[in-house]
Amino acid sequence: MVGLVLKCEVCGFENPRGWVCCARCDQLLGPTHSDSRKTSTTNSITRKVAPPAQSEPRKKRPTRPPSSPYIIDGTKTSHAIIGQDSAVQAIQQGLRTAFNRRGATLTALQGTRGSGKTRLLIHASELAAKQYDKVRLLYAVCRPSDDGPYAPFSRLLLERFGVTPSSSPSTVRAEMAVVIGETLKSTDAPLVSETTHLLGHMAGVPFPDSPILKSLSHEPAELHARSIQAARRFLEGNARDHLLLIMLDEMEKAENEAWDLLDALLESQSPIAVIAAGGESILERTRKLAHRSWVIESEIIPFSKDEIAQVVKLFVPELNTLPEPFIAALSHRSQGNPGAIHDLIEGLFEGGLFIESKTGLEVDLQKIEMGVLSLTTEDIIRSRRDALEAYEREVVERAVVVGEIFWDGAVLAMQRSENSLVEHPAEPLDVWPNDDDEAKLSDALNSLEEKGFVVCIERTNIPGRNEYTFQHAGTRSVIYSDLPEAIRVKRHAVIARFLSVTPGLRPEGIDAVIAPHLERAGRKAEAGRAFFNAAEEQGRRLRTTMALRLIERALSLIEPEDLTYRIDAMHKYGSLLVMLGRYDEAESAFREILQLAYTLGARGKGGASFNRIARIYRARGVHEKALKYLQRALRLFREANDQRGVSSTLDDMAQVYRSQGNLDAALAAANEALDNRISEKDERGQALSLNTIGNIMLDRGDFTSAQTRLKAALEIRSSIDDHEGVVQTRIGLGKLAYFQEQYDDAIENHQIALERAREMANNHSQAILLNLLGEAFLAKGAFLEAETAFNEAKEIAERIADQATLVEVECNFGLLALRTHKTNAKDLLENAFQMSVKFGTREALARAHRAIGRLRAQTLFDDGGKMDNNAESSFRESIKIFENSGNRHELARTLAELGYHLIERGQRNAARQALQTAYQTMGELKLLDQRKLEETLAEL
């Protein structure tokens, strides 16, 4: 499967389906008449030349000029790009560098609308196809409002996968997996699954039950990073057997997400040439790329007078002469812009500037002297509009209200709404007698295509309807601005109604499409709700930044007195800000909700506000303040009888208490949350509470209770397909087995969890699990396996900047070096200690102190020959932290290590005290080390 392409019947080359002529052999790929619907948004000018106009007395009017010198009468006439030598050289340099060096390049072309950017992209494809073998072309236009934050890559991916509006989601998902597997040349099912789901997220293909996407649903930064990696991996796969040329149009509209992907692609060592064309901001944006050493820039410069003359001759080859006043006026009015030149020529054609003579065409100099070329481009657009037949003008004036992209169905809806009968007919059959008006509209649109007003887009989201765009830059804005405001308002309202009942539009995107029309129709409250619903949908699709922009639009439109709706919108707004790590802004949003809730006396809403503010402070590590807010939230939830809010807040309190080392309070809060969730029959919540309790019991050293709770949590989470929950519970069970010195069981649990984490592309959990696996292998004496696990854990943790896990891994590397008598053990452990001070948790710091103690315990005397007390100091610092945090099993192990060290130093009384305390705790915890302690104490 190769996606939706146009395969040349002559040479077999696969072209992007928007192409009119084969990039390799110039063969026309299809008929150019508008009825064929084979036109595209590339402005490649593919319409049929109109028949000659009626002659006027004394001055014959010539045949209308073609819309471009590219295609005339169905024949491709010119490969040349006039006046853009620097841009063509930049394209050539980008292709050579990428394909010969075999590393990605970006050629950025900046120009105004109508400057010929799209034609340069087409020319780039021709250069690549003719000069290199085995080239694959991918092309897409950036339409972020339709294609999401990754546009134009999202549309490019859909084209590559062969997705059409009629494709069913299940078929698309299956075909994506096949294409990705073939492209990656991989039988690694988790890798193919991860890539497929992440590219589905990027392209807007839903994977509703994806464990990968669910696990990343509250980590937008991680989801974005993983999606970027998946897209790069897939595009590099496309470049494995081909040279890959990616052409991106209108990149000035691209969001940061798309630019991040482009930046990541520039790191690739695959033969990938990217040509990106855009407006005035594109070069400014490329200069912000981190990997811009392989970026080539070029500005598309305006035509000189000589170049304008060449263009005019191509547009109107029958002209005998080109009078200098004509070229000078044309240069002044067009400012050298090819699109403006074309518009002016067509407008002048309509105005009768070109007259036929015996030898060809002549310019009517008298009309130039009369000031015909004093017209602006806007005047030309209006002139062309006014020259249309009355009904065609009506069609255009309705179409511009829909937008730059419009559907014939929306135009028909406005037409029927405005032409509806004053009285309802008595006979129902008379309500809808026929579709003659629809046929009339179709004929008018065909005529408008032939006149160069509109272009039919082949791909549409509405089956049975045609989608169009305006042929020339500025047409829509000029004609729209001329419409009376009252007419615009009425028509926007009709369009909103049309969209709301039109089958075929993606249901998940309907609110985002309708909302702007409701806003322009003056129905602000409805528009605000539509933007809110659109934000909710984008949030479900994990498009966090787009959801944020939509909710901001909603907040600007929701009426101030609609407090309930504003509270809901502000809550969504704050939640999105939290997910993006913008805590200060999020706190301000929740504070506003709190004020509104207080005004209304809405205790539940107030409780939710306090809860969310508390989570912000917990994330910042300000536990005391977080606890105060949680206590107030709990009170309000209880008063509102909001049991879900009560349970959620109790869980949050348990986590804060656990971080503080107050395990008794943590256990009490978690138990109460569990009781509530059992009474509410909230299975997912029960599993969460059971897992929390299991980990608290693990910290306390009550292994029997921990095992009971964790196994119960695992059973529930497995039954409801809570994949992320299963991973977290397996981590707890693995730790439990490790503490009980059942290392094989620990390894088994961690490996099962690691496989799940890989399926979900959860890098954070993968790094943690690989580190835990390494610890179990190290304890078992499997040093090679331990080193392999630690290396992989470190690689992932560094990639995602997980400093807390890096601290643990670095410490374990030091302990491995210590166990295997490596000379770098001291450097590794001292570095791990410094990292734990800066980035680690309290328990990580305790383990680092203990590791330093083990290092120092290898030498009993300092350099001066005196007894060295540094090891004892390190052990006691570790003991102090474990004791304060309530971690009894780690406390017991560290006390035992201190006792054995003191025996070596001859401090038998101090050793006996430490070992007796360790022995008592280990007995309560049923740790195997108790037997060894018993023997040692007997000897003492």
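**Exercise 1. The faces of strand β5**

Task: In this predicted model, work out which residues lie on each face of β5 and whether those faces are covered or open.

Solution: Begin with the general pattern, which is that in a regular strand the side chains alternate between the two faces of the sheet. Applied to β5, this places Thr 105, Thr 107 and Leu 109 on one side, while Leu 106, Ala 108 and Gln 110 are on the other. Next, look at burial, where the cut-off is a relative accessible area under 20%. Six of the six residues of β5 (residues 105-110) are buried, and both faces of the strand are therefore covered.

**Exercise 2. The partners of strand β5**

Task: Find which strands are joined to β5, and state how many bridges join β5 to β8 and how many join β5 to β9.

Solution: Recall that strands of a sheet pair through backbone hydrogen bonds, either parallel or antiparallel. Strand β8 (residues 272-278) runs parallel to β5 and is joined to it by six bridges, and within this pairing the bridge partner of Ala 108 is Ala 276. Strand β9 (residues 295-299) also runs parallel to β5, with five bridges between them, and here Thr 107 stands opposite Ile 296.

**Exercise 3. The surroundings of Asp 249**

Task: Decide whether Asp 249 is buried or exposed, and name the residues that it touches.

Solution: First locate the residue, which lies in strand β7 (residues 243-249). Its relative accessible area is 2%, and since buried means under 20%, Asp 249 counts as buried. Then list its contacts, leaving aside residues up to four places away in sequence: Asp 249 touches Thr 118, Leu 121, Tyr 139, Ala 140, Val 141, Cys 142 and Ala 277. Finally, compare sequence with space for one further pair, Asp 249 and Gly 278, which are 29 residues apart along the chain, although their C-alpha atoms are 6.4 Å apart.

**Exercise 4. A sheet of three strands**

Task: Give the order of the strands in the open sheet that contains β12, β13 and β14, and say which of them are at the edges.

Solution: The order is β12-β14-β13, and the pairing is antiparallel. The edge strands are β12 (405-407) and β13 (454-457), each of which pairs on one side only. Neighbouring strands in this sheet are turned against each other by 35° on average, with direction ignored. Between β13 and β14 (residues 467-470) there are four bridges, and along this pairing Cys 456 has Tyr 468 as its bridge partner, while Ile 457 stands opposite Glu 467. Although β13 is an edge strand, both of its faces are covered, with Val 454 and Cys 456 buried on one side and Val 455 and Ile 457 buried on the other.

**Exercise 5. Two helix pairs**

Task: Describe how α5 packs against α8, and then how α24 packs against α26.

Solution: For the first pair, the axes of α5 (residues 169-184) and α8 (residues 220-238) come within 8 Å and cross at roughly 65°, in a left-handed crossing. Val 179, Ile 180, Thr 183 and Leu 184 of α5 meet Arg 233, Phe 234, Gly 237 and Asn 238 of α8, and these residues divide into four nonpolar, three polar and one charged. For the second pair, α24 (residues 563-579) and α26 (residues 603-619) have axes 11 Å apart and pack at an angle of about 10°, which means that α24 is roughly parallel to α26. This contact includes Ile 567 and Asp 568 from α24, together with Lys 605 and Ala 608 from α26, and the residues of the whole contact divide into four nonpolar, two polar and three charged.

Methods: Residues are numbered from 1 along each chain as its sequence is written. This is a predicted model: local features need pLDDT of at least 70, side-chain atom pairs count only at pLDDT 80 or more; totals for chains, interfaces and linings use all residues. Side-chain values use heavy atoms; hydrogens and water are left out. Axes are lines fitted to C-alpha atoms, for helices over the stretch in contact, and angles run from 0 to 180 degrees between N-to-C directions. A crossing is left-handed if the near helix is turned anticlockwise from the far one by less than a right angle, and right-handed if clockwise. Contact means heavy atoms within 4.5 Å. Ala, Val, Leu, Ile, Met, Phe, Trp, Tyr, Cys and Pro count as nonpolar, Asp, Glu, Lys and Arg as charged, and the others, Gly among them, as polar. Two strands pair if DSSP finds at least two bridges between them. Angles under 35 degrees count as roughly parallel, over 145 as roughly antiparallel, 65 to 115 as roughly perpendicular and the rest as oblique. Buried means under 20% relative accessible area, exposed over 50%, partly exposed in between (1.4 Å probe, protein chains only).
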